[in-house]
Every structure is written in C-alpha cells, then in structure tokens.
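Hi,

Here is the structure I said I'd pass on. Have a look at it first, and my notes follow below.

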Amino acid sequence: IIRIDVTGQPRLPAEINRENWGNLMTDVHLWQPVMEEICSAVGMEMNAGPVAGYPGSSAVFVVAEQAVIKLFPPIFADDFKVERAVYELLEDRVSAIPFLIAEGLYRDRIDWPFLVIQFCSGEPIRTIYDQLAPGEKIRIAQQVGMVLQTVHQTAVVLTEPFTPWPDFLLH
C-alpha cells in the first residue's frame, strides 16, 4: 500500500459542516483537480474525468475505471481510520473485497484523509435487484452471507476508541 501526502492549491471549502457537505460531495468540477493531483501522486493516468460515486458520507469518485478515490471530510475523519483498519484486517481473509492501492492525506485549507481503492466493474445491486430471478437473489444472498461470516469471525482491535459514531446517530 502506497502512503502519500498531497498538498494542493487552496480550492476546497475552508469549512465543512452537515449543511453544506451534501451539495459538495458529488460536485465533479470541484473535485476534478484534486483527483488529478492524487492520481499523479499515485502514478495513475487520469485519461477521463472522474465520475461521482453513490452519495454516502464521503466524496467518492471512480477514476478511469481503474480506481475509486474516497476523500473523508473533516467531520467524518475518524471514519477513515476505521475503514483503513477494516481493509487491513480483511485483505488476506476476504477475496471478494477490492484491495487498497494507496492511502494518504490531501492538504488544502483543511486536511482530507483519503483512500485509493481498486475499481471493481459491475452493476450495483440496487439497480438490478428487481430484475433478478428468485434463485439468483438466493445465490447472491448466500455468497454475501459467506463473506459476512468471514468478516464476523475476524477479530477487531481498535487502538483508539471510536466515539463519534454514537454522536452521529443522534443527529
């Protein structure tokens, strides 16, 4: 796994909160220069513009169908630590997950931890679920169940308490 820090030009907002984050996280024009700088630092060519991923809590972009870059806003920076630890714990145990290519910190006006993850082609289950035959749904559920069994059998030891989660659930 490559560890990189990237210092960018001040182009991202200086303050992120729950009110403005929803509109910013999928703004491809805002994030394109950031994606270009991260790709350059990792040694990846960005021969096409990034494509915004499905909205969640982080800014997620697919880059040239090679990688997924996930930037964690400062309000969810602790999620980076947890997700990074999960990739490390599961990399040799679960073959059904993409591998972690790089991790780092993008420095702008504020710091943005990020992960660069292998891109896996396919269709999200949410877009095709209604088209699947009952037998296919059962087969997929069985495969997911086997992966989850392995995940649940993996011992997790956090070196720091993860306290923001209960606070997040209350908002």
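The largest nonpolar core has 28 residues, and the ones with the most contacts inside it are W21, W31, I38, L71, Y106 and V116. At least two residues of this core come from each of β1 (2–7), α1 (18–24), α2 (28–42), β3 (59–63), β4 (67–71), β5 (100–107) and β6 (111–118). The largest share, 7 residues, is supplied by α2. Bear in mind that this is a predicted model.

If you want a place to start, try W21. Leaving aside residues up to four places away in sequence, W21 touches I16, W31, S57, S58, A59, P73, I75, F76 and W112. Apart from the largest core there is another one, of 9 residues, including V62, V68, Y87 and L115. As background, nonpolar side chains in soluble globular proteins tend to be buried together.

I also went through α2 from end to end:

- At the N-terminal end of α2, D27 acts as a cap, with a side-chain oxygen 3.2 Å from the backbone nitrogen of H29.
- The 15 residues of α2 should span 21 Å at 1.5 Å a residue, and the end C-alpha atoms are 20 Å apart, so the two agree.
- Buried in α2 are L30, W31, V34, M35, I38, C39 and V42.
- The cover over those buried residues includes β1, α1, β3, β4, β5 and β6.
- After α2 comes G43, which has a positive phi, near 90 degrees.

Which helix residues are buried and also among those with the most contacts inside the largest core? For α2, W31 and I38 are on the buried list, and both turn up among the residues with the most contacts in that core.

Cheers

Technical notes:
Residues numbered from 1 in each chain as written. Predicted model: local features only at pLDDT ≥ 70, side-chain atom pairs only at ≥ 80, totals over all residues. Heavy atoms only, no water. Core = buried A, V, L, I, M, F, W, Y, C linked by side-chain atoms within 4.5 Å. Buried < 20%, exposed > 50% of the residue type's maximum accessible area, 1.4 Å probe, protein only. Helix = DSSP H or I, 4+ residues; strand = E, 2+ residues; numbered from the N terminus. Contact = heavy atoms within 4.5 Å. Expected span 1.5 Å × (residues − 1). Polar contact = N/O pair within 3.5 Å; in protein donor to acceptor, adjacent residues only side chain to side chain.
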